[in-house]
Amino acid sequence: LPASGSVQGCAGLNADAGPDQFSCDPTSPPQLQGSYSGVPDKYYWTPATYLSDPNSTDPTVNAPAGKYTFTFTVEAMSSINLISNGNFEAGNSGFTHEYSYGFPGGTFGPGWLSVGTNPLGYNGSWAPCGDHTSGSGNQLIVDGHTSANAKVWCQTVSVSPGKTYLFRFYVQSVFPAAPCQLNVLANNTSFGSVQGGALCDWQTFEECFKANSATVEICIRETSGVGYGNDFAIDDIEMYEKCMDTDEVVVEIVDLKAQVAIPQPPRCASDVFD
């Protein structure tokens, strides 16, 4: 069967499930002949039932007599990061929020954030945690808002409806009390959450969502509303299209058994044998 078509964002990614298979002996299982072009992150067959290894290109089909359809899928992530200024090296640009914006040595407290290199410059009780990119670059430094669910970071991105996207970022605590509780939304629909970890210990958020419109507003919200503690930094925000291609193969297994009809033997030697 032909492949499902070209894949946007991952040049050359293509799945080929190979030729249809036919077997007339269930004790001699057919072997699928999947292949691919491009550089997939993973490939697999569905359904996995009756397959010796659904994560190989050429599993054998150990199935009873019947007709089966198997789908070969290849997946990869686009190399294009759709987030603008996700490492904050361009400073306070490319994103929106519901916080006040501060500067080192200036007014700063719950409900304030800033782009900078050293959290210690905003609060003498905070640790001088380096950024995630290089240890010396910019990061989004946040003193958690006392209003729960305030937007910490938002950006609107052009996407393709029906496509799946991976969203990733890193968060660290800069003060040990009450680690932040972050929720991530695509067009106001939550698709994951993450909690700040130990002091200066970067935690990873990585989840996928499916786009249902031509643009998506991605937002990170802090949900606890805690005033004491809840101090954190965010860095290296990324979003990639999840590329996928599929192809199908049909496997038919027929159990052919020869049967010999035994004739009715004669009762007497003189009877006709029929």
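Here is a walk through this predicted model, from the overall fold down to a few individual residues.

Start with the big picture. If you go looking for helices in the protein chain, you'll find zero, against 15 strands. The chain has 274 residues, and 43% of them are buried. As for how the chain meets itself, take the contacts between residues at least 6 apart in sequence: 73% of those join residues at least 24 apart. On the outside, the protein chain exposes about 13400 Å², with carbon and sulfur atoms supplying 49% of that area.

Next, the covalent cross-links. How many disulfides does a search of the whole structure find? It turns up two. One of them joins Cys129 to Cys200, with an S to S distance of 1.9 Å. Cys129 sits in the loop between β7 (112-116) and β8 (139-143), while Cys200 sits in the loop between β12 (189-195) and β13 (203-210), so this pair ties together parts that are 71 residues apart in sequence. The torsion about the S-S bond of Cys129 and Cys200 is about -70 degrees, so you can call this disulfide left-handed. Is each end buried or partly exposed? Cys129 is buried, at a relative accessible area of 2%, whereas Cys200 is partly exposed, at 34%.

The other link is between Cys154 and Cys219, whose sulfur atoms are 2.0 Å apart. Here the cysteines come from strands: Cys154 belongs to β9 (residues 150-158) and Cys219 to β14 (residues 215-222), so the pair ties together parts that are 65 residues apart in sequence. The torsion about the S-S bond of Cys154 and Cys219 is 120 degrees, and the link is right-handed. Both Cys154 and Cys219 are buried. Two more cysteines are worth a glance: Cys24 counts as partly exposed at 38% relative accessibility, and Cys208 counts as partly exposed at 32%.

Now for the interior. The largest nonpolar core has 33 residues, and those with the most contacts inside it are Leu140, Trp153, Phe167, Phe169, Ile218, Ile234 and Met239. Trp153 is a good one to click on. Leaving out residues up to four places away in sequence, Trp153 touches, among others, Ile83, Phe88, Phe95, Leu140, Phe167 and Ile218. The contacts of Trp153 also include Thr96, His97 and Cys219, and Cys219 is one end of the disulfide with Cys154. There is also a second, separate core of 17 residues, which includes Phe70, Val74, Val251 and Ile253.

Phe169 is another of the core residues with the most contacts. You'll find Phe169 in strand β10 (residues 164-173), and it counts as buried, at 0% relative accessibility. Which residues does Phe169 contact, leaving aside neighbours within four places in sequence? Among them are Leu182, Val184, Val194, Phe205, Ile220, Ile234 and Ile237, along with Gln203, Asp235 and Asp236. Phe205 is 36 residues away from Phe169 along the chain, yet their C-alpha atoms are separated by 5.4 Å.

One of those contacts, Val184, leads to the next stop. Strand β11 (residues 181-186) is mostly covered, with five of its six residues buried. Which way do β11 and β12 run? They run antiparallel, joined by six bridges, and Asn183 stands opposite Ser193 in β12. The hairpin of β11 and β12 has two residues between the strands, and in it Asn187 takes a positive phi near 50 degrees. β11 also runs antiparallel to β14, with five bridges joining them. In that pairing, Val184 stands opposite Ile220 in β14. Both Val184 and Ile220 turned up above as contacts of Phe169.

A last stop is Ser56, in the loop between β4 (42-46) and β5 (66-77). Is Ser56 buried or exposed? Its relative accessible area is 15%, so it falls under the 20% cut-off and counts as buried. The side chain of Ser56 reaches the backbone oxygen of Asp53 at 3.0 Å. Not counting residues up to four places away in sequence, Ser56 touches Tyr43, Trp45 and Phe72.

Key:
Residues are numbered from 1 along each chain as its sequence is written. This is a predicted model: local features need pLDDT of at least 70, side-chain atom pairs count only at pLDDT 80 or more; totals for chains, interfaces and linings use all residues. Side-chain values use heavy atoms; hydrogens and water are left out. Helices (H or I, at least four residues) and strands (E, at least two) are DSSP runs, numbered from the N terminus. Buried means under 20% relative accessible area, exposed over 50%, partly exposed in between (1.4 Å probe, protein chains only). Contact means heavy atoms within 4.5 Å. Accessible areas come from the Shrake-Rupley method with a 1.4 Å probe; for residues, only the protein chains shown count as cover. A disulfide is a pair of cysteine sulfur atoms within 2.5 Å. A nonpolar core is a set of buried Ala, Val, Leu, Ile, Met, Phe, Trp, Tyr and Cys residues joined through side-chain atoms within 4.5 Å. A polar contact is a pair of N or O atoms within 3.5 Å; within protein, one must be able to donate a hydrogen and the other to accept it, and residues adjacent in sequence count only if both atoms are side-chain atoms. Two strands pair if DSSP finds at least two bridges between them.
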